[in-house]
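Reader: I am new to this structure and would like to go through it with you. Could you show it to me and explain the reasoning behind the words you use?

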Amino acid sequence: MRCVVLDDYQGVALANADWSGLDVTVLREHLDDPAAELAEAECVVIMRERTPFTASLFARLPRLRLLITSGMRNAAIDLDAAREHGVTVCGTGSAKTPPAELTWALILGLARHLAVENAAFHAGGPWQSTVGVDLAGSTLGLLGFGHLGKAVARVGKAFGMDVVAWSPNLTAERTGAEGVRLATGLHDLLAQSDFASVHLVLGDRSRGLVDAAALARMKPSAFLINTSRAAIVDQAALLEALRGNKIAGAGLDVFETEPLPVPHELRTLPNVLATPHLGYVTASNYRTYFREAVEDVHAFLNGAPVRVLTSTV
């Protein structure tokens, strides 16, 4: 089966699985329009939501029979269009711990000004120029309290933080079981938070949820962390808040356009600590992604597809 692996930024796809017996091409550079490179592909393997598979793209790939995404949810795939074009879409397993770990890397980096101090260290700059923010005794606000939110909460409590959470259907019973307080609403959560971290799934109800009015409720000393999806936060409103120092800063791992264009303003703001969507990028996750992708191919060829996606939710 002729397979193409897209967006293998680190060049590790072939080393993480046994692709023998398959005709595999690996593309490391991101392509805004990959149709020409995929013209002969019968199977395409994509990493998360790096390359959207829209109805128009499916229509231009008549040989495509199988699309595999890392993880079991990918909002960038038009599953209705896939069905219309006779394309089976399969996923893989994905660990929940890596995004929670990166969330804490961003929180700690913001609290202790690690990027500034590290840059000064290597450049021969001042020996100490910042004063860190204490985590113990501060309030961690969690927008979303699923698997990731709970994992982040447990670390926050270990640091001695007061943890509060909110999502539209969250109950005091669920938060209380983790020793976490329930906020009365989004604005209440953000008003209390010294560090507010987003852990919601992107959907119609969550898109743009953290808007200008919500950001205005945050303290000038507070930080916003988003390792979920960029569209949950109104990006224009966030830029305005950061530009005007209406909040202390933001830790970001997700962006509306990825890779983020080089001239984008987020790349220039000193109160932004950002990583290029590394939340899921760990050795164990990559092994799972690519090994199960190969399993998906062989199962499909044997007439019994596994881990078939039928919904983006």
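Author: Gladly, and please keep in mind that this is a predicted model. Let us begin at P259, which sits in the loop between strand 11 (249-252) and strand 12 (272-274).

Reader: What makes the peptide bond from E258 to P259 cis or trans?

Author: The angle omega decides that. For the bond from E258 to P259, omega is near -5°, and the bond is cis. As a general background, most peptide bonds are trans.

Reader: Which sign does phi of Q128 have, and what makes that worth a mention?

Author: Phi of Q128 is positive, about 75°, although Q128 is not a glycine. Most residues other than glycine have a negative phi. You can find Q128 in the loop between helix 4 (114-123) and strand 6 (139-143).

Reader: Why is Q128 called exposed?

Author: Its relative accessible area is 64%. Exposed means over 50%, so Q128, at 64%, earns the word.

Reader: And where is N245, and what is its phi?

Author: N245 belongs to the loop between helix 9 (235-243) and strand 11. Its phi is near 55°, a positive value in a residue that is not glycine. N245 has a relative accessible area of 53%; the cut-off for exposed is over 50%, so N245 counts as exposed too.

Reader: Why is K157 called partly exposed?

Author: K157 has a relative accessibility of 38%. Buried would need under 20%, and exposed over 50%. The value of 38% lies in between, so K157 is partly exposed. This lysine is placed in helix 5 (residues 147-158).

Reader: Which residues does K157 contact, leaving aside its neighbours within four places in sequence?

Author: They are V163, E178, G179 and V180. Contact calls for heavy atoms within 4.5 Å. For another view of its position, take M72: the two residues are 85 apart along the chain, and their C-alpha atoms are separated by 30 Å.

Reader: How do you know whether C3 and C43 form a disulfide?

Author: The sulfur of C43 is 3.7 Å from that of C3, its closest cysteine sulfur. A disulfide needs the two sulfur atoms within 2.5 Å, so this pair is too far apart for a bond. A search of the whole structure finds zero disulfides.

Reader: Are C3 and C43 buried or exposed?

Author: C3 has 0% relative accessibility, and C43 likewise has a relative accessible area of 0%. Buried means under 20%, so C3 is buried, and so is C43. Across the protein chain, 47% of the 313 residues count as buried.

Reader: What is the protein chain built from, and why is it called as compact as a globular protein of that length?

Author: The protein chain has ten helices and twelve strands. Its radius of gyration is 21 Å, and the globule rule gives 20 Å for 313 residues; the two values are close, so the chain is as compact as a globular protein of that length. Along the principal axes, the C-alpha atoms fill a box of roughly 55 × 50 × 30 Å.

Reader: How many of the contacts with a separation of 6 or more join residues 24 or more positions apart?

Author: Such residues account for 61% of those contacts in the protein chain.

Conventions:
Residues are numbered from 1 along each chain as its sequence is written. This is a predicted model: local features need pLDDT of at least 70, side-chain atom pairs count only at pLDDT 80 or more; totals for chains, interfaces and linings use all residues. Side-chain values use heavy atoms; hydrogens and water are left out. Helices (H or I, at least four residues) and strands (E, at least two) are DSSP runs, numbered from the N terminus. The radius of gyration is taken over C-alpha atoms; the globule rule is 2.2 Å times the number of residues to the power 0.38. Buried means under 20% relative accessible area, exposed over 50%, partly exposed in between (1.4 Å probe, protein chains only).
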